[in-house]
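Please look through the sequence and the coordinates before reading on. The paragraphs below move from the chain as a whole to its helices and then to single residues.

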Amino acid sequence: MCPPSSPHAVNQPSGQPEPTGAGATPEPLDPSEPLDPSAPADTEALAARAATGDGAALDALLRTIRPDVVRHCGRFLLFREDAEEAAQDVLLQVSRHIERFQGRSRFSTWLHTIVANCSRQKYRELKRRAVEQPTLPHQTSAPEQRPDPRTTSVIAGSRVDLLEALERLEQESPHLVAPLVYRDVCQMDYAEIVDRLGIPLGTVKSRLHHARRQIRPWLTSQEL
């Protein structure tokens with residue numbers, strides 16, 4: 001996800017991403033599939049090469065980051081299928097926009113931004129689907145295939161509505177959203193957050209403190 005205040009970009013098919021270049025669309029994920037052992041492990045070097053138009057480096061980069069992308073999306077979305085769907089969007093965004101990565105920050109920091117945006121966008125889609133899904137005539141109530149995303153936490157296993165609270169925080173204090181998402185959800189180091197946001201460490205910590213204090217009363221349990 002660009003920073004949370006930036007524009008954004010369940011049936012899950014199986015398969016493996018096999019893009020052929022920067023404009024290719026990755027095939028559906030299969031997180032259980034082992035990575036190609038011949039693929040280079042240095043994602044920063046792969047990203048730098050892919051950004052110059054190296055299609056082979058891009059293919060290797062997408063294979064290498066795939067498991068971590070699914071795992072990080074799972075910090076936002078409780079259900080594996082939803083996390084995998086969001087991860088597909090992340091890989092697609094990386095594939096389409098890798099040339100925008102200019103190496104001024106670490107690739108992992110740039111990737112965290114995309115993960116956060118795509119995961120929150122997926123949450124909005126799930127919420128909209130839940131609202132629009134009609135009750136079938138022969139049913140007294142629509143069966144729940146999964147908990148309503150409006151009451152599902154980004155913290156797996158709990159029942160706090162952190163994503164909904166983030167939406168409210170973005171409306172009331174948008175400058176507080178990015179530090180909270182990056183630190184408490186993406187679990188980024190302070191140095192990475194400073195690098196990504198371009199603000200002093202003291203400002204990051206101050207905004208994080210105010211964000212936690214503002215969001216806590218909106219949660220159904222004291223997670224922050």
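**From the whole chain to single residues**

Of the 224 residues in the chain, 46% are buried. The model is a predicted one, and every value quoted here should be read with that in mind. The accessible surface of the chain comes to about 11,100 Å², and carbon and sulfur atoms account for 49% of that area. The secondary structure consists of 8 helices and 0 strands, so that the pattern read along the sequence is α-α-α-α-α-α-α-α.

What holds the interior of such a chain can be approached through its nonpolar side chains. The largest nonpolar core has 54 residues, and those with the most contacts inside it are Leu61, Phe76, Val90, Val94, Ile98 and Phe107. Two or more residues of this core come from each of helix H1 (43-51), helix H2 (55-73), helix H3 (80-97), H4, H5, H6 and H8. Valine 90, one of the residues with the most contacts inside the core, is in contact with Val69, Cys73, Leu111, Ile114, Val115 and Cys118, once its neighbours within four places in sequence are left aside.

Helix H3 has 18 residues, and the distance from its first C-alpha to its last is 25 Å, close to the 26 Å expected at 1.5 Å a residue. Because 13 of its 18 residues are buried, H3 is largely enclosed by the rest of the structure.

Helix H4 (residues 107-132) offers three residues that can be taken in turn. Serine 119 is in H4 and, with a relative accessibility of 0%, counts as buried. A polar atom of the serine 119 side chain lies 2.8 Å from the backbone oxygen of valine 115. Beyond its neighbours within four places in sequence, serine 119 is in contact with Cys73, Phe76, Leu77 and Ala86. Glutamine 121, also placed in H4, has a relative accessibility of 18% and therefore counts as buried, the cut-off being 20%. The C-alpha atoms of glutamine 121 and aspartate 89 are separated by 9.7 Å, although these two residues are 32 residues apart along the chain. Arginine 124, which lies in H4, counts as buried because its relative accessibility is 16%. The arginine 124 side chain makes a polar contact of 2.8 Å with the side chain of glutamate 167.

Further along the chain, H6 is mostly covered, with 7 of its 9 residues buried; these are Val177, Ala178, Pro179, Leu180, Val181, Tyr182 and Val185. H6 is followed by glutamine 187, which is placed in the loop between H6 and H7. Phi of glutamine 187 is near 60°, a positive value in a residue other than glycine. As background to that value, most residues other than glycine have a negative phi.

Does the geometry of H8 place its buried residues on the same side or on opposite sides? The buried residues of H8 are Val204, Leu208, Ala211 and Ile215. They cover an arc of only 65° around the axis, which puts them on the same side of H8. An α-helix has 3.6 residues a turn, so residues three or four places apart point the same way. The partners of these buried residues are helix H5 (162-172), helix H6 (177-185) and helix H7 (190-197), against which they pack. The length of H8 can be checked as well: at 1.5 Å a residue, its 15 residues (201-215) should span 21 Å, and the end C-alpha atoms are 21 Å apart, which agrees. Lysine 205 lies in H8 too, but with 43% relative accessibility lysine 205 counts as partly exposed. The C-alpha atoms of lysine 205 and arginine 183, 22 residues apart along the chain, are separated by 9.7 Å.

The last stop is a loop residue. Threonine 52 is placed in the loop between H1 and H2 and is exposed, its relative accessible area being 68%. A polar atom of the threonine 52 side chain lies 2.6 Å from the backbone oxygen of arginine 49. The C-alpha atoms of threonine 52 and arginine 100 are separated by 9.7 Å, with their positions 48 residues apart along the chain counted as the distance in sequence.

Notes. Residues are numbered from 1 along each chain as its sequence is written. This is a predicted model: local features need pLDDT of at least 70, side-chain atom pairs count only at pLDDT 80 or more; totals for chains, interfaces and linings use all residues. Side-chain values use heavy atoms; hydrogens and water are left out. Helices (H or I, at least four residues) and strands (E, at least two) are DSSP runs, numbered from the N terminus. The expected span of a helix is 1.5 Å times one less than its number of residues. Buried means under 20% relative accessible area, exposed over 50%, partly exposed in between (1.4 Å probe, protein chains only). The arc is that of the directions from the helix axis to the C-beta atoms. Contact means heavy atoms within 4.5 Å. A polar contact is a pair of N or O atoms within 3.5 Å; within protein, one must be able to donate a hydrogen and the other to accept it, and residues adjacent in sequence count only if both atoms are side-chain atoms. A nonpolar core is a set of buried Ala, Val, Leu, Ile, Met, Phe, Trp, Tyr and Cys residues joined through side-chain atoms within 4.5 Å. Accessible areas come from the Shrake-Rupley method with a 1.4 Å probe; for residues, only the protein chains shown count as cover.
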